[in-house]
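User: Got a minute to walk me through this one? I'd like to start with how the chains meet.
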Amino acid sequence: MDINLTLVGLLIAFVVFVLFCMKYVWPPIINAIEERQQKIASGLEASDLAEKDLEKARAQANEELNAAKIEAAAIIDQAKKRATKLVEEETQRGHAEREKIIASGHTEVETERNRVREELRKQLSILAIAGAEKILEREIDAQKQSDIVEKLVAEL
Amino acid sequence: MAANGNMTPTEYISHHLTPLQIGEGFMAVNIDSLGIAIVLGVFFLWLFAYVGRKATTGVPGKLQCAVEMLVEFVDKSVKETFHAKSRFIAPLALTIFVWVFLMNAMKLIPVDFVPVLAGLFGLTFASSSVKGYVGEDAGIFERAMDHPWSYMKAAPTTDLNTTLALAIGVFLLIIFYSVKHKGLGGFIKELTLNPFNHWSLIPFNLVLELVTLIAKPISLSLRLFGNLYAGELIFILIAMIGLWQLPLHFAWAVFHILVIVLQAFIFMMLTIVYLSMASEKH
């Protein structure tokens, strides 16, 4: 177990190994590690950002949805009002129409009745004249007696 | 196959603790520590460089994930402790941690496996260098263990040379960073005017501070070496008790998984702490 030339040899080997390690081994590995760390850090940051964006987009979508709901409700309300109004208007118009039709019917009936009454009156006068002719059994100048007939007719 | 054949327990233990050496005295080189350490270091650098070259900033593969976990762990440890800006400390810490961990992890290979394998290689490719303590009629494993190549030790950190080399590297860096951040004058001032700021106490301060300074690499290397060497010794002792070694080996190996990682981590952490102390102004 003596100290001998081995020590010198190993010392040289040690120096060479350390220098080689410093030049060719350490830098690429530590660079790779640090680059990856940077990548992961930026990736995490990006994901954070994306999450925030998503949150924002979600809030915006919610807001828009709410606005749309409110608008829709307003539109429906308006439509309902309009429908009610329309129905009311139609009803009123129908009523008016009915009244008009009824009124015109009434007038028609009235005119018809008047016409019929006039007819009947004429017929009756004729009948009365004929009756009177029969009763008198004589020639009566229809022209002369027409004023009587007229009177009779008016009395009917 | 512990302590089999003609080997006495003492021979067996010393066999396992003797490094595979060429050369004599200080000029000797421990082939096993040096070779395995370099192979493991190159493996570490190749693997991490491969991952680094293919690294994607998108979804990483499993290998890249594992490597990145390690790198990030080291990076975090460095950033928590070392406050000055430096592109050097983190790769240094990573190299120390993974390299020491891999060298420690070699201990989990069963103690006889590597020596016997190396011995078999020796018998095959260099049969002339057999020591000849056992005869031709001995078993193949015994002859393998007899071959000089079988002195191969698997874990380089059980060799004081390895841990001291790392610690001296760190020590030189401590001095370098001290001078860099405090200036040569500041460093000398720190050594001479601490803790007693009076000119007459400069020698006393110097001794105190030098001991503190030297103690750092010494404790760093001896801690790692001591832990691993002791663990290795226990593995070797367990290997000698016959059949009961199997559950014991398992238990000790499980415990050692902790030691292996912990010692690598402590070495790395203390390196960072020492360097941050060196680069901080008081």
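User: So how many residues does each chain put into the contact?
Analyst: Chain B puts in 41 residues and chain A 28 residues, where contact means C-beta atoms, placed from the backbone, within 7 Å. This is a predicted model, so local features need pLDDT of at least 70, side-chain atom pairs count only at pLDDT 80 or more, and totals for chains, interfaces and linings use all residues. Residues are numbered from 1 along each chain as its sequence is written, and chains are lettered from A and ligands numbered from 1 in the order in which they are written.

User: Which element gives the most on the chain B side?
Analyst: That's H2(B), with eleven residues. Strand S2 (29–30), H3, H4 and H7 of chain B also supply at least two residues each. Helices here are DSSP runs of H or I with at least four residues, strands are E runs of at least two, and both are numbered from the N terminus.

User: And what's the mix of classes on that side of chain B?
Analyst: It has 25 nonpolar, eleven polar and five charged residues. Ala, Val, Leu, Ile, Met, Phe, Trp, Tyr, Cys and Pro count as nonpolar, Asp, Glu, Lys and Arg as charged, and the others, Gly among them, as polar.

User: How does H2(B) sit against H1(A), parallel or antiparallel?
Analyst: The axes of H1 (residues 5–136) of chain A and H2 (residues 31–54) of chain B come within 9 Å and cross at roughly 5°. That makes the two helices, H1(A) and H2(B), roughly parallel, a label for angles under 35 degrees (over 145 is roughly antiparallel, 65 to 115 roughly perpendicular, the rest oblique). Axes are lines fitted to C-alpha atoms, for helices over the stretch in contact, and angles run from 0 to 180 degrees between N-to-C directions.

User: Which residues make that contact?
Analyst: From H1(A), they include Phe17(A), Phe20(A) and Tyr24(A), and from H2(B), Leu34(B), Ile38(B) and Phe48(B) are among them. By class, this helix pair brings 16 nonpolar, five polar and one charged residues.

User: Switching to the core: which residues touch the most other members?
Analyst: In the largest nonpolar core, which has 64 residues, those are Ile29(A), Ala93(B), Leu94(B), Ile96(B), Phe97(B), Trp99(B) and Val100(B). A nonpolar core is a set of buried Ala, Val, Leu, Ile, Met, Phe, Trp, Tyr and Cys residues joined through C-beta atoms within 7 Å. Buried means 20 or more other C-beta atoms within 10 Å of a residue's own, exposed means 12 or fewer, and partly exposed is in between, with C-beta atoms placed from the backbone.

User: What is Trp99(B) in contact with?
Analyst: Setting aside neighbours within four places in sequence, Trp99(B) contacts Phe17(A), Leu40(B), Gly41(B) and Phe44(B).

User: Ok, chain B overall. How many helices and strands?
Analyst: Nine helices and two strands, running α-β-β-α-α-α-α-α-α-α-α from the N terminus. Of its 282 residues, 38% count as buried.

User: What does UniProt list for chain A?
Analyst: An unreviewed UniProt entry lists residues 6–26 as "transmembrane region", and "coiled-coil region" covers residues 44–82, also from an unreviewed entry. UniProt positions are given in the numbering used here, feature names are shortened, and annotations may be inferred rather than shown by experiment. In the model, residues 6–26 of chain A are 100% helix with end C-alpha atoms 27 Å apart, while residues 44–82 of chain A are 100% helix with ends 56 Å apart.

User: Last one: is Ile70(A) buried or exposed?
Analyst: Exposed, because Ile70(A) has 10 other C-beta atoms within 10 Å. Ile70(A) is part of H1 of chain A.

Conventions
Contact = placed C-beta atoms within 7 Å.
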